[in-house]
Amino acid sequence: MVSHKIQTDLVHCFAEEVIESIIQEVNHDVFCLLVDESADVSTNEQVAVVFRFVDKDGIVKERFIGLIHVQDTSSGTLKCAVDSLFAKRGLSMKKLRGQGYDGASNMKGEFNGLRSLILRENSTAYYVHCFAHQLQLVVVAVAKKHFEVGDFFDMISVLLNVVGASCKRKDMVREDQRRIIEEGISQGEIKTGKGLNQELSFQSPGNTRWGSHYNTLVRLVDLFPSIVKVLEYVQSEGSDGVKRRQANGLIKYLHTFDFVFYLQLMLLLLGITNTLSVALQRKDQDILNAMSLVKSTKQQLYNLRDNGWDSLVEKVNSFCESHNTELIIMEEEFVDPKKPRRRTNMTNLHHYQVECLYTVLDMQIQEFNDRFDEVNTELLSCTASLSPFGSFHEFDQSKLVRLSEFYPEDF
């Protein structure tokens with residue numbers, strides 16, 4: 001029992017018994033396939049495979065089948081790995097009714113992705129991407145495609161590196177914020193009470209959760225005077241020449257109209273998408289409610305495009321006046337900061353309203369339409385009509401007929 005070889009054999013036997021029991025649970029009935037790439041600690045490429053199915057008692061189950069080592073993560077290699085697994089376990093590709101992968105091209109590619117290769121063998125193995133993950137990709141796409149928005153988040157990243165580089169600077173932000181709150185309370189400008197005036201810190205956002213960027217921007221607004229003071233301290237007293245130069249550049253940038261405009265714009269956009277993201281990740285969320293939330297969020301974006309300009313400018317001007325930041329006159333000619341001597345022949349109004357606000361919102365709406373496509377939405381809506389919740393409250397005969405067209409072999 002202490003032999004490594006025998007221990008490995010025992011673990012392998014246990015794994016075989018568990019997988020065999022899962023296959024018996026599936027019982028040659030329909031099921032869904034979930035696949036994701038995952039490198040191990042020795043950087044060997046592998047894929048994790050999960051089956052999702054309904055057992056004989058009507059309970060939805062997700063079962064981890066195992067890790068398959070692959071030479072690379074091309075769609076062809078992944079398809080061979082899935083085929084070998086199915087052949088080994090006596091499973092039929094014809095019984096597959098759903099696929100769930102991430103948004104990488106080798107997985108969801110329309111022509112040569114794993115999704116497409118499986119669909120060629122079984123047209124009813126529909127691909128549905130996680131709604132919450134798609135939403136993250138929608139927001140990331142805008143930040144990557146629009147140069148000014150990308151530059152804004154790059155500067156936020158530099159700001160976090162400078163201000164959060166040491167515990168001393170973080171403490172300076174907290175102490176200055178405490179002083180501001182105490183002065184506000186003593187002058188009667190800030191209310192006191194349970195849960196109010198909590199200690200705040202300038203948090204770094206996560207790379208995979210863009211909802212955390214919203215929290216970072218909210219904290220930036222709350223701690224703005226304190227952050228500027230810390231930057232001024234680093235600029236004059238910092239021991240690192242690189243950090244001093246960065247602090248100097250950041251102070252100049254934080255007092256530009258561009259910074260305030262994109263700060264307020266991204267607070268608006270990320271606020272809308274963050275509310276949806278939180279709702280989509282609730283464990284008790286149902287399909288119909290999730291789709292209605294996506295639809296209402298798209299409508300909010302349309303409303304913001306049609307009627308949101310005046311309120312956005314009001315917020316920008318209010319922030320500029322409160323923090324002695326650069327203000328501009330919308331009717332004057334726009335000056336490109338990268339080419340200040342060249343005439344642009346456009347007003348500030350046209351630049352910020354059309355080239356900034358409308359362009360960013362159009363990108364966001366386009367990404368929404370591309371990622372939350374109508375086929376998936378209709379398929380999920382038809383499936384939800386069979387939900388027993390509320391004594392089959394959502395039952396709709398026309399949707400059932402439409403569902404039979406999606407799955408002709410099952411009806």
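## Charges, helices and a few odd backbone angles

The 45 positive and 56 negative charges of the protein chain have mean positions that sit 3 Å apart. Keep in mind that this is a predicted model.

**The chain as a whole**

The protein chain runs to 411 residues, and buried residues make up 40% of them. Its secondary structure comes to 17 helices and five strands. Put the C-alpha atoms in a box along the principal axes and you need roughly 70 × 65 × 50 Å. The accessible surface is about 23,300 Å², with 52% of that belonging to carbon and sulfur atoms. As for how the chain meets itself, take the contacts between residues at least 6 apart in sequence: 62% of these join residues at least 24 apart.

**Three helices side by side**

Here is how α2, α5 and α13 stack up against ideal helix geometry.

| Helix | Residues in helix | End-to-end C-alpha distance | Expected span |
|---|---|---|---|
| α2 | 15 residues | 21 Å | 21 Å |
| α5 | 15 residues | 21 Å | 21 Å |
| α13 | 14 residues | 20 Å | 20 Å |

Let's start with α2, which covers residues 75–89. At 1.5 Å a residue it should span 21 Å, and its end C-alpha atoms are 21 Å apart, so the two values agree. Which residues of α2 are buried? They are Ser75, Leu78, Lys79, Ala81, Val82, Leu85, Phe86 and Arg89. These residues cover an arc of only 160° around the axis, which puts them on the same side of α2. The spacing fits a simple rule: an α-helix has 3.6 residues a turn, so residues three or four places apart point the same way. Note that the buried list includes Lys79 and Arg89.

Flip to the other side of α2 and you find Cys80, Ala87 and Lys88 exposed. For Ala87, the relative accessibility is 63%, so it counts as exposed. Ala87 also gives a handy long-range marker: its C-alpha atom is separated by 41 Å from that of Ser391, a residue 304 positions away along the chain. Just past the end of α2, Gly90 takes a positive phi of about 70°.

Helix α13 (309–322) tells a similar kind of story. Its buried residues are Trp309, Leu312, Val313, Val316, Phe319 and Cys320. Looking down the axis of α13, you see these buried residues fall within an arc of 125°, so they line one face of the helix. The face turned away from that buried side carries Asp310, Glu314, Glu321 and Ser322, which are exposed. Just after α13, Asn324 has a positive phi of about 50°.

What about α5, residues 131–145? This helix is mostly covered, with 11 of its 15 residues buried. Among them are Phe131, Leu135 and the run Val138, Val139, Val140, Ala141, Val142 and Ala143. Two glutamines, Gln134 and Gln136, are on the buried list too. Ala143 is buried at a relative accessible area of 10%, since the cut-off for buried is under 20%. The C-alpha atoms of Ala143 and Gly66 are separated by 36 Å, with their positions 77 residues apart along the chain.

**Positive phi outside glycine**

Two asparagines in loops are worth a look. Asn27 is not a glycine, yet it has a positive phi of about 55°. Its loop runs between α1 (4–26) and β1 (31–37). Is Asn27 buried or exposed? Asn27 is exposed, at a relative accessible area of 56%.

Asn345 is the other one: its phi is near 55°, again a positive value in a residue other than glycine. This asparagine lies in the loop between α13 and α14 (348–371). With a relative accessible area of 63%, Asn345 is exposed.

**One more long reach**

Finally, there is Gly241, placed in helix α10 (residues 241–254). How far apart in space are Gly241 and Ser277? Although they are 36 residues apart in sequence, their C-alpha atoms are 41 Å apart. Gly241 has 25% relative accessibility and counts as partly exposed.

How values were computed
Residues numbered from 1 in each chain as written. Predicted model: local features only at pLDDT ≥ 70, side-chain atom pairs only at ≥ 80, totals over all residues. Heavy atoms only, no water. Helix = DSSP H or I, 4+ residues; strand = E, 2+ residues; numbered from the N terminus. Expected span 1.5 Å × (residues − 1). Buried < 20%, exposed > 50% of the residue type's maximum accessible area, 1.4 Å probe, protein only. Arc of directions from axis to C-beta. Contact = heavy atoms within 4.5 Å. Areas by Shrake-Rupley, 256 points an atom, 1.4 Å probe, with all protein chains shown as cover. Lys, Arg positive; Asp, Glu negative; His and termini not counted. Charge placed at Lys NZ, Arg CZ, Asp CG, Glu CD.
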